[in-house]
Amino acid sequence: MKNLIFFLKNIKFFEKKINFYSNDELRNQTLIFKSKIKEKTKFFYKEIDNLQKKLSYKKDQYLSIEEINEKGFFLKKIYKIKKKIYKEEEKILVELLPEAFAVVKETAKRFKENKEIIVNSNKLDYLLIKSRSYLKIEGGKTIWKNKWSSMGKPVIWNMIHYDVQLMGGVVLHQGKIAEMYTGEGKTLVATLPIYLNALTGKGVHVVTVNEYLAKRDSEWMAPLMEFHGLTVDCIDIYKNNSYFRRKAYEADVTYGTNNEFVFDYLRDNMVNSFKKLIQKKLNYAIIDEVDSVLIDEARTPFIISGPVNDQNFNYFYIFKYIVEKIFNKQLLFLNKIFNLARKLINSGNKKEGGLNLFKVYRGLPKYKPLIKFLGEKKIRKILENTEYYYMQDNNKNMFIVDSDLYFVINEKNNTVELSEKGMNFISNEINDTNFFRLPDIQKQFIYIEMENISIEEKNFLKRKKLINFYKKSDKIHTVNQLMKAYTLFEKNIHYLVIDNKVKIVDEQTGRIIEEKRYSDGLHQALEAKENVNIENYSQPLATITLQNYFRMYKKLSGMTGTASTEEEEFFKIYNLDVVIIPTNKPVIRKNYEDFIFKTKKEKYNAIINKVIFLSKNEKRPVLVGTTSVEVSELISRSLNISKIYNNVLNAKYYKKEADIIEAAGLSGIVTIATNMAGRGTDIKISDEVKKLGGLAIIGTEKHYSRRIDRQLIGRSGRQGDPGSSQFYLSLEDDLMRIFGLDRISKLLDKLGHKKGEYITGPLISNSIELAQKKIEANNFSIRKRLLEYDDVINEQRKFLYKFRKNALDINISSIFISHMIYNLIDQIISDSKNDFKVFENELLKIFNFNIIKKKFYYSYNKEDFKKKIYYDIINYYNFIKHKIIKKIKYIRSFIKFSCNPNFINLKIKNFIIKLSLKEKNYYKVINKLEKKIIIYFIDEKCKHHLKYMENLIKFSQYSVYEQKKPILVFKYKAFEKFNKLLKNINKSSIQFLFNCKINDYFFIKKKLTFK
């Protein structure tokens, strides 16, 4: 805090000085700042220019080994200098910070206090005049108005940065998280570090949680930046891979949603032309609602997929009815034994009654009659005693409980397992008693090897066994995914069905997650369950987690109203400190203690009565926070019956989000919202509503994360406004039920609870918070464990994407091929293990070339031998290229005299290369071919590698049974496989290039017209 106060004093000092500047002098400060940065870094850039000249080479000239090593050294040196430049720039920006922040604040002040600001016109003004309504040019002067529109709504600029906002801006520039209360103006805070960091010209990305906020904020804040000659754009406005989106990334400040930034990164690593790359290097990002992005949405990876040829959708159709049958049979069985359990317990037979009750709990923990029954006096205790008895001694007696069940659900771990009875049922249904028994493939291979048959026959039998093995695995896997779909995933809670499609609902935000599908066949299982069209199985073509994408930025910062509860995760995963910024005005909202009811029915009745009282009698606006679509619609229906008008904001109505939230502060209005729906848009209240008591928050359930509850509470009481918050809970709520908050249940029993009564107090709140902390810690450990695996994949990903980008640049085709050939020769020599015959065969197979004599192989030392082969092979490759060029010339001359096309398409095996008849540089055609082939093999091999890594994560988990650490097994296997991948890419690409010929026939784009 001392550090922030120091900066604040300096900003105040410059404020007084800048206050006397003319509009042109104020505007000119940006040019002064930029020139200071340029002056202090010019030496480094000069050094890079000199090294770049040394890196230059003649096109189509292959490098010597000495040149390969030398250029590698220069590239490393350039990389080190770029790191020095970044450090130097950061140092300069800290020096400029007080003055730069004062400039932004003064600009905001002048826009607020003046309807028009007149300045001398500059180049950007002339460009902006075409698309911006808030400026006009007259006689070399630009008139900037203080009125513009944001998302089609008029805006009159009325904001000047508070001191706490200046402090928040310093925190963001320092690469930390600023926790600022809801309504403290985080969008305005961001303009300070945006302006400062944009001065380097390396780009600032402002990341938001949804498309509406990305577009709104970019339009709302743009004039403040544009006035100073900085360009502002938003990627979400434009189509993927479009020219305009590319231009948006070239802007000084680029707004966009986290989804689009990540998908653009993945798309960039799938393009087939250097010119199609759209994202610049990742310099600095400010993430709005940083906890939502880096914590909530970081659990599932971002994947761009392609269709898999081998579609087994028929398995879903076949097994869907069997799984549905087994689910209904268990439900029917549990219904019977639940009624029996109730009778036995009521008649005093706790032992038998408890056993049957425990069976119901194991078979379907969310069975509504069970949840209601467990709320009754002493029933939960009977269940707990029974559970303890059967689970003691390492679950020795659990077979007695599970023997009657078809499947068992573990609600805490969110897993479902078929019992022996369930497996037998499915096996009988499909007339295959060995359905769940996978063959020992290794043993079968050993038997095949022992047979007295040819190698071809052995390979054929092995392939056959493998195909059968994978088919059986697919069937079992399909059954398991369908079991998950039917038992663990609920419609209107975990997913919605919209326009005949299954759409995922984000558990934390209550919003639909567009472009995302559950992986590993789970989404197809849900589609089968809901009788909608089963979409293609997809195979990952490119994938990354949010954690690893955002960790690639040189500097990262974020802002939110709720970060402190996840402070440990932010630091350990992202190296981000959380700094809590004080509020501009004291918070006067009243936070009432939680009310606990016995049943959900009692709780909902109390909520409806409270909402009616607040909205109808007190005329206050009410925001009801729910945890699912189902509950939000239940409350809405109940209020409709009572003739209380209400707006529902959940995943079904997310497109109306801004309009609903805008109206949420009006007198008597009731808004029902799932979780964080509406974040980023303030609920503003009038003076009349303030007098009535402000916005009332009612929570219908505690979330697993305290942070989500705090986000709901924080919607009320912004900028010193009055307001209130209260949570209504029941013992049937998931959090209370799963984590057995026994003390509360016992307390209700002691107090002699009557229907409709509730209890409250700090003991209850503390117990709930303790349960939430346990869940948060568990979720963090899950995310951390997943990240450990993705970190390994990420190192591979970074290398491959860099490799691929280099391959796209046809200008460095020769240097690229030189490296590949040299590495491949090194590999062949190493793999031959001093056996000339092995070496000779491999050389012939890959390069279609062998003039190396045996005596050279043994007489030369390894390095000299490598050099000799390298130069021989490079010369031979030049000969191959010369032959191809000769044929191209022949085809060109034939076409030229035979017909009149603009260009021809040369076919080289499966690759088609476009050749313009005006093209005279034939080596350019070869370069295109080289690029196309290398990119093809990188993509093809990586596709299979990604699938392998996906399976390896699952496979490595089994190593715990061998007393091994799964992550260590994964790392070892992943490293081994990655080395093989790189060798295969090199080998396949070079082998193709050395063996390719232009086909005798070719295709002409334009219809042939003979002379």
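What follows is a walk through the strands, helices and cores of a predicted model.

Residues are numbered from 1 along each chain as its sequence is written, and side-chain values use heavy atoms, with hydrogens and water left out. Because the model is predicted, local features need pLDDT of at least 70 and side-chain atom pairs count only at pLDDT 80 or more, while totals for chains, interfaces and linings use all residues. The pLDDT is the predictor's confidence in each residue, from 0 to 100. The protein averages a pLDDT of 85, with 90% of its residues at 70 or more. Residues 1000-1011 are a weak spot, with pLDDT below 50. Even so, beyond near neighbours in sequence, that stretch makes 28 contacts in the model, a contact being heavy atoms within 4.5 Å.

Strand β25 is a good place to begin. Helices (H or I, at least four residues) and strands (E, at least two) are DSSP runs numbered from the N terminus, and two strands pair if DSSP finds at least two bridges between them. Buried here means under 20% relative accessible area, exposed means over 50%, and partly exposed falls in between (1.4 Å probe, protein chains only). By that yardstick, eight of the eight residues of β25 (residues 723-730) are buried, so the strand is largely enclosed by the rest of the structure. In a regular strand the side chains alternate between the two faces of the sheet. In β25 both faces are covered, with G723, S725, F727 and L729 buried on one side and S724, Q726, Y728 and S730 buried on the other.

What are the partners of β25? Strand β24 (residues 695-699) pairs with β25 in the parallel sense over five bridges, and I698 has Q726 as its bridge partner. Strand β20 (residues 595-597) also runs parallel to β25, over three bridges, with F597 partnered by S730. Strand β19 (residues 590-591) adds two bridges to β25, again parallel, and there N591 sits opposite S725. The link between β24 and β25 goes by way of helix α26 (residues 706-713), and the three make a right-handed β-α-β unit; right-handed means that, with the strands pointing away from the viewer, the path from the first strand over the helix to the second runs clockwise.

A smaller piece of the picture is an open sheet of three strands, ordered β1-β3-β2 with antiparallel pairing. Strands β1 (116-120) and β2 (135-138) stand at the edges with a single partner strand each, so one side of each has no neighbour in the sheet. From one strand to the next the twist averages 25°, taken from axes that are lines fitted to C-alpha atoms (for helices, over the stretch in contact), with angles from 0 to 180 degrees between N-to-C directions. Five bridges hold β1 against the antiparallel β3 (residues 141-145), and E116 finds its bridge partner in K145 of β3.

Strands β14 (residues 495-498) and β15 are likewise antiparallel, joined by four bridges, with I498 opposite K501 of β15. The hairpin they form has two residues between the strands, and D499 takes a positive phi near 50°. Strand β15 (residues 501-504) has a covered face, V502 and I504, and an uncovered one, K501 and K503. Another positive phi, near 55°, belongs to N431, which follows helix α16. Within α16 (residues 420-429), the buried residues are G422, F425, I426 and S427.

As for the interior, a nonpolar core is a set of buried Ala, Val, Leu, Ile, Met, Phe, Trp, Tyr and Cys residues joined through side-chain atoms within 4.5 Å. The largest one has 67 residues, of which W144, W157, I194 and Y195 touch the most other members. Helix α3 provides the largest share of this core, 11 residues. Leaving aside neighbours within four places in sequence, W157 is in contact with residues including A108, F111, W148, L188, W220 and L224. Apart from this core lies another, of 57 residues, among them F316, V401, F489 and A525.

Two charged residues round things off. E90 lies in helix α3 (residues 65-113) and is buried, at 18% relative accessible area. Not counting residues up to four places away in sequence, E90 touches H173, N197 and K555. K932, in helix α34 (residues 922-957), is partly exposed, at 38%. The C-alpha atoms of K932 and S989 are separated by 9.8 Å, although the two are 57 residues apart along the chain.
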